[in-house]
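Me: Could you take a close look at one helix for me and tell me how it sits among its surroundings? I'd like one connected picture rather than a list.

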Amino acid sequence: MAAAPGEPDQDTLNSLLQQPDEPAQRSLFGEILDWMLAPLLLLWPASIVITYLVAKSIANQPFDRGLEDKVLVLAQQVRQHDGQMHISLPPVAKDILRADDADHIYFQVRNQKGELLEGDAQFPEFSEEEKPLAGGIQFRNFSLNGTEMRSAYTLMEPVQKNRQTPVLIEVAETLEKRGLLANEIIKGVVLPQFVILPVALALVWFALTRGLSPVTELQKRIHARRPDDLSPVDTSQVPEEITPLVESMNEMLQRVEQSIAVQKSFIADAAHQMKTPLAGMRMQSELALRQDDPEEIRRSLQQLAKSSEAATRLINQLLTLAKAENREAAGQIRESLLLNDFVLDIVSDWLPAASQKNIDLGYEQCDSQLTLFASPVMLREVISNLIDNAIRYTPAGRSVTVRLDLDSQQALAILEVEDEGPGIPEAHREKVFQRFYRILGSNTQGSGLGLAIVREIVQQHGGTISIRDHHPGTIPPGCIFRIVFPINPFNELQYDER
């Protein structure tokens, strides 16, 4: 069904409803709480298991000593008679030996041949690891009629070994008392944990809330600031762990303040510079309207065209400077450039302008083929600006030379543009790179933006630019603009010997 006029169609509604999923916002409080509670909740069951094992070990010790005592009591009842080992236990002694409120007691006394001298016959055989040794009491665990048992046993050597054989004495009991004692120990340890754990969680929650309160206070202080307040945030009331973050934010605020100051100055200077060509255009147009003589009208229109050309050049340079300062601009997309051919192509484009002024424009290329990872649009702007300045300031009949060279020892690519113009005094060489700065008395039309654009682009490509005299000590001294690009991972400069 078609949508009514003025109503969105179904595709539009679907596109509005299908909003991209935004990543879930992470909570610092929740992150810390998770990292504290998750190990705690994992360690708690592990601690119960460890407590149970320790409790069993503790419970075994006293009852093992009881088994040892019973083995020793039985050993004292063994007698030697007629070269044989005998044991005689009255019924009362057997009842005392088996007396126990919780466990069942079993015992056996056997000679070396395995003959039962006294006790119970259903004891299991010894394994190789459990083989009885003379001179000490050993322990083992086994199952008897489906019941878990623990026993103490020893191999009793006769006093006269020439005719008599050793006797095995073993006493075993069920594990009821041991289990009861282990359970009591576990209850005494685990039950308090059920009370302590919620209290610990409440204390962790309270501690995190108190610990993160300075962050909340900092957020309130920043939120209460005026939009134009770029002063540094006071770090005296900030915790030590957050101080690096606040200091980084203060550095960012300082950079933003400097950037805004530069932009304000740039806008003010640009507005001031635009007044001159616009005022000239308006004056020339008004003058042309008042003229009746065709020749005067033509002269006014020529001046109007010159003013329009100057305004156009100024606007283009302002746009280029804005693009150069924006590293993410489309013109900043970088690629591998063959510098020798790239510079030659630019020099060829300026040959007509140089020829029109009767200037010899030359190019000295490098013996090695240089490859630079750079923005072709921005690098062309650099070289074109330098050649344009050289042609503007060089008198007719002189020469301008563009030179590309390589310093292989220091891994530097060098680009020079030299002219035979009036030169730049040393006191002005740093100032000429400032926006709208022009040397008084130069008598050359310009906006003062070209060299500012050049330095901005060169620095973004990891290079440096300097100025020196072409012919020191002579008049005019000429000028050499020298750009150096280092070979490093930033610009990935490469060169191959031809």
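Reply: Happy to; here is a walk from one helix out to the parts around it.

Please keep in mind that this is a predicted model. The helix I'd pick is α10, which covers residues 376–393. With 18 residues, α10 reaches 26 Å from its first C-alpha to its last, close to the 26 Å expected at 1.5 Å a residue. Most of α10 is covered, with 13 of its 18 residues buried.

That brings us to the largest nonpolar core, which has 42 residues. Helix α10 gives the largest share of this core, eight residues. The members that touch the most others are Leu379, Ile383, Leu386, Ile387, Val402, Phe481 and Ile483. Other elements also give two or more residues to this core, including helices α8 (339–349) and α11 (450–460), and strands β10 (368–374), β11 (399–407) and β14 (479–486).

Val402 is a nice place to zoom in. Leaving aside residues up to four places away in sequence, Val402 touches Ile387, along with Val343, Val347, Leu361, Gly362, Tyr363, Glu364, Leu415, Glu416 and Val417.

Strand β10 is worth a stop too, as it is mostly covered: six of its seven residues are buried. Its antiparallel partner is strand β8 (residues 335–338), joined to β10 by four bridges. One pairing to find on screen is Leu337, whose bridge partner in β10 is Leu372.

Key: Residues are numbered from 1 along each chain as its sequence is written. This is a predicted model: local features need pLDDT of at least 70, side-chain atom pairs count only at pLDDT 80 or more; totals for chains, interfaces and linings use all residues. Side-chain values use heavy atoms; hydrogens and water are left out. The expected span of a helix is 1.5 Å times one less than its number of residues. Buried means under 20% relative accessible area, exposed over 50%, partly exposed in between (1.4 Å probe, protein chains only). A nonpolar core is a set of buried Ala, Val, Leu, Ile, Met, Phe, Trp, Tyr and Cys residues joined through side-chain atoms within 4.5 Å. Contact means heavy atoms within 4.5 Å. Two strands pair if DSSP finds at least two bridges between them.
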